[in-house]
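Visitor: Could you take me on a close look at a single part of this model, the charged pair that joins a loop to a helix, and then show me what lies around that pair?

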Amino acid sequence: MSDEEERPNKEYVGIIWIGDGPGIRLRVFAPSALEARQTVIDEYGEGHVITLRNEDDANRPR
């Protein structure tokens, strides 16, 4: 079993701003924040402002 199969996908929500246009709301399912971000970059390209968060990660003590 690969590492990707062992980790369950979590829901990440966020916004991407492309140029001067309004932000586009996103919902991405991925095992980690880095992979969620990469999924967005793969779909929309590089060089945009992206914010993503997972509710469970946000509530976890740091």
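Guide: Happy to. Let's begin with R7 and E35, whose side chains meet in a salt bridge, with 2.6 Å from N to O. Please keep in mind that this is a predicted model. R7 sits in the loop between α1 (3-6) and β1, while E35 belongs to helix α2, so the pair ties together parts that are 28 residues apart in sequence. How open are the two partners? R7 has a relative accessible area of 30%, and so is partly exposed. E35, at 26% relative accessibility, counts as partly exposed too.

Now look at S32, which joins this little group from another side. S32 is placed in the loop between β2 and α2. Its side chain makes a polar contact with the side chain of E35, at 3.1 Å. Leaving out residues up to four places away in sequence, S32 touches R7 and Y12. So E35 has a salt bridge to R7 and a polar contact to S32, and S32 in turn touches R7. Is S32 buried or exposed? With 16% relative accessibility, S32 counts as buried, because the cut-off for buried is under 20%.

Y12, the other residue that S32 touches, takes us inward. Y12 is a member of the largest nonpolar core, which has nine residues: the others are I16, L26, V28, A30, A36, V40, I41 and I50. The elements giving two or more residues to this core are β1 (10-17), β2 (24-30) and α2 (33-44). As a general point, nonpolar side chains in soluble globular proteins tend to be buried together. V40 is a good residue to select here: beyond its neighbours within four places in sequence, V40 is in contact with I16, L26, V28, G45, I50 and L52.

The helix that carries E35 also has a clear place relative to the strands. α2 lies across β1, β2 and β3, and runs at about 125° to β2. Those three strands form an open sheet in the order β2-β1-β3, with antiparallel pairing. β2 and β3 (49-53) are the edge strands, each pairing on one side only. On average, neighbouring strands of the sheet are turned by 25° against each other, direction ignored. Between β1 and β3 the antiparallel pairing runs over five bridges; one place to look is W17, whose bridge partner in β3 is V49.

To put our starting pair in context, the count of salt bridges comes to three. Another of them joins R27 and E11, whose closest N and O atoms are 2.9 Å apart. That pair links distant parts of the chain, with R27 in strand β2 and E11 in strand β1, 16 residues apart. R27 counts as exposed at 59% relative accessibility, whereas E11 is partly exposed with a relative accessible area of 33%. There is also the salt bridge between E55 and R53, where the closest N and O atoms are 3.3 Å apart. Here E55 is partly exposed with a relative accessible area of 45%, and R53 counts as partly exposed at 43%.

Back where we started, then: the R7 and E35 salt bridge ties a loop to helix α2, with the buried S32 touching R7 and Y12, and Y12 belonging to the largest nonpolar core.

Definitions and conventions
Residues are numbered from 1 along each chain as its sequence is written. This is a predicted model: local features need pLDDT of at least 70, side-chain atom pairs count only at pLDDT 80 or more; totals for chains, interfaces and linings use all residues. Side-chain values use heavy atoms; hydrogens and water are left out. A nonpolar core is a set of buried Ala, Val, Leu, Ile, Met, Phe, Trp, Tyr and Cys residues joined through side-chain atoms within 4.5 Å. Buried means under 20% relative accessible area, exposed over 50%, partly exposed in between (1.4 Å probe, protein chains only). Helices (H or I, at least four residues) and strands (E, at least two) are DSSP runs, numbered from the N terminus. Contact means heavy atoms within 4.5 Å. A polar contact is a pair of N or O atoms within 3.5 Å; within protein, one must be able to donate a hydrogen and the other to accept it, and residues adjacent in sequence count only if both atoms are side-chain atoms. Two strands pair if DSSP finds at least two bridges between them. Axes are lines fitted to C-alpha atoms, for helices over the stretch in contact, and angles run from 0 to 180 degrees between N-to-C directions. A salt bridge is a side-chain nitrogen of Lys or Arg within 4 Å of a carboxyl oxygen of Asp or Glu.
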